[in-house]
Amino acid sequence: MRIGVPAETRAGETRVAATPETVKKLAAKNQVRVQAGAGAGASIPDRDYQAAGAQLVASAQEACDADIVLGVRSPQPDLLRSGSVLIGMLDPYNREWLEAIARRGVTGFALELLPRTVSRGQAMDVLSSQANIAGYKAVILAAAEMGKYFPMLMTAAGTVKAARVRVLGAGVAGLQAIATAKRLGAVIDASDVRPAVKEQVESLGAKFVEVPYLTEEEREIAEGKGGYARPMPADWMRRQAEAVHQRAIQADVVITTALIPGRPAPKLISENTVKGMKPGAVIVDLAAEQGGNVEGIERGRIVVKHGVKLIGLENLPASVAGDASALYARNVYNFLALMLDPKSGEFKLDKSDDLVGPTLACEGGAVVKKG
Ligand code: NAD
């Protein structure tokens, strides 16, 4: 079989879907075509792909002329060959885009749809591997943009207070943000709608700030579904906003990561709260691409409003392209390996598999799974 790896074309996308490590494994039983320069953004030279057994091709067209195409995002749909298999982050909540991919007649797997409740899927979970990097980078960005130290320091010139960091949303990205800020010496508190994360937050050395549930309905919705949050009732959101305000105005750094799959990000910080924050404070909004958790955040930009720096940069994993690609490529390899016969290397589609079936987004010219 022929496996193709085109270079990514979306602006700012530096990652690559296969590394020499994964190419070497795939090349044992397949022909692997990598577009020249595909690894450049992740500092992987073409010669390393060649040494791993890949054939270099000059164009995306040639890389997509394959039985299986691996991408971080989907290549432009018109490059895809009917009957080929496509594996990548296909943006399944973007209906128009997914339909354009489907119309090419590809069997498309959207890795964002991989069920996270199936434990053998952890090694294929791109949302986790990439969110982890985003959480780390959010703290590094905040530290770089803030005019203060993170750790408490006692120096001959006097004592420096530790930075106060507030993390809103303690999923994969939020927990990594807590762990990173802790290593830098900050004092951290965190909150999330799901009560299950309290223990995880505390085990990382942060304080968990609860917004009590006043009704059974609130408690039940807060439990979430399949590990994900659900939209909370308006009254709980109002009480949360009050609690957030009180804590945010004392914070030096706020990192927001709250997401609800397939919906705009919940608004957690109002402009009024930004106004009340300390001059020089920094907010990093990891939900900026989904509309933002913070009022006034500008997608893709760093702006100063009311003396507070608002960081809405997108695709932070791409700014750690080497490790982000290494982890992503392993996720992709592990997912593909589910469908490759260990002996013959032949591709077999088993839709009854509890990871393969739910991740299949389009087949036979149509979208088969709504995001
Ligand atoms: P996510 O990116 O969808 O959301 C980030 C966080 O925002 C979540 O913790 C969510 O509860 C929180 N949130 C949503 N609305 C909020 C609000 N109004 N206020 C405060 N917080 C809000 O989620 P994620 O980080 O991708 O994953 C969520 C959880 O899924 C993880 O914490 C983990 O428990 C679980 N998970 C399990 C596995 C596994 O078992 N294999 C793998 C990955 C993730």
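Ligand shell and two sheets in a predicted model

Modeller: In this predicted model, helix H1 (residues 20–27) lies across strand E1 (2–5), strand E2 (31–35) and E4, and runs at about 150 degrees to E2.

Biologist: Which other helix packs on the sheet with E4, and which strands does the helix touch?

Modeller: Helix H11 (residues 321–337) touches E1, E4, E5 and strand E6 (107–110). The direction of H11 makes about 140 degrees with that of E5.

Biologist: What makes E4 and E5 a pair of strands?

Modeller: Pairing requires at least two bridges, and strand E4 (residues 68–70) has three bridges to strand E5 (residues 85–88). The two strands therefore count as paired, in the parallel sense. Leu70 of E4 stands opposite Ile87 in E5.

Biologist: Why are E3 and E17 called edge strands?

Modeller: The sheet is open, with eight strands in the order E3-E2-E1-E4-E5-E6-E16-E17 and mixed pairing. Strand E3 (55–57) and strand E17 (366–367) each pair on one side only.

Biologist: What is the strand order in the sheet of seven strands?

Modeller: The order is E11-E10-E9-E12-E13-E15-E14, in an open sheet, again with mixed pairing. Its edge strands are E11 (207–208) and E14 (302–305).

Biologist: How do you know that E14 pairs with E15?

Modeller: Four bridges join E14 to strand E15 (residues 308–311), and at least two are needed, so the two strands pair. They run antiparallel, with Ile302 opposite Ile311 in E15.

Biologist: Which strands does helix H5 lie across?

Modeller: Helix H5 (residues 126–145) lies across strand E12 (253–256), strand E13 (282–285), E14 and E15, at about 155 degrees to E13.

Biologist: Turning to the ligand, which residues come nearest?

Modeller: Arg116, Val172, Asp192, Arg194 and Gln240 come nearest among the 22 residues around the ligand. The shell divides into eleven nonpolar, seven polar and four charged residues.

Biologist: Why does the approach of Gln240 to the ligand count as a polar contact?

Modeller: A polar side-chain atom of Gln240 is 2.8 Å from a nitrogen atom of the ligand. The limit for a pair of N or O atoms is 3.5 Å, so this pair qualifies. By that cut-off Arg194 qualifies too, with a polar side-chain atom 2.8 Å from a ligand oxygen atom. Gly171 also qualifies, through a polar backbone atom 3.2 Å from an oxygen atom of the ligand.

Biologist: How much of the ligand's area does the protein bury?

Modeller: The protein buries 85% of the 830 Å² that the ligand exposes when taken alone.

Note on methods
Residues are numbered from 1 along each chain as its sequence is written. This is a predicted model: local features need pLDDT of at least 70, side-chain atom pairs count only at pLDDT 80 or more; totals for chains, interfaces and linings use all residues. Side-chain values use heavy atoms; hydrogens and water are left out. A residue is near a molecule or strand if one of its heavy atoms lies within 4 Å of it. A polar contact is a pair of N or O atoms within 3.5 Å; within protein, one must be able to donate a hydrogen and the other to accept it, and residues adjacent in sequence count only if both atoms are side-chain atoms. Accessible areas come from the Shrake-Rupley method with a 1.4 Å probe; for residues, only the protein chains shown count as cover. Ala, Val, Leu, Ile, Met, Phe, Trp, Tyr, Cys and Pro count as nonpolar, Asp, Glu, Lys and Arg as charged, and the others, Gly among them, as polar. Contact means heavy atoms within 4.5 Å. Axes are lines fitted to C-alpha atoms, for helices over the stretch in contact, and angles run from 0 to 180 degrees between N-to-C directions.
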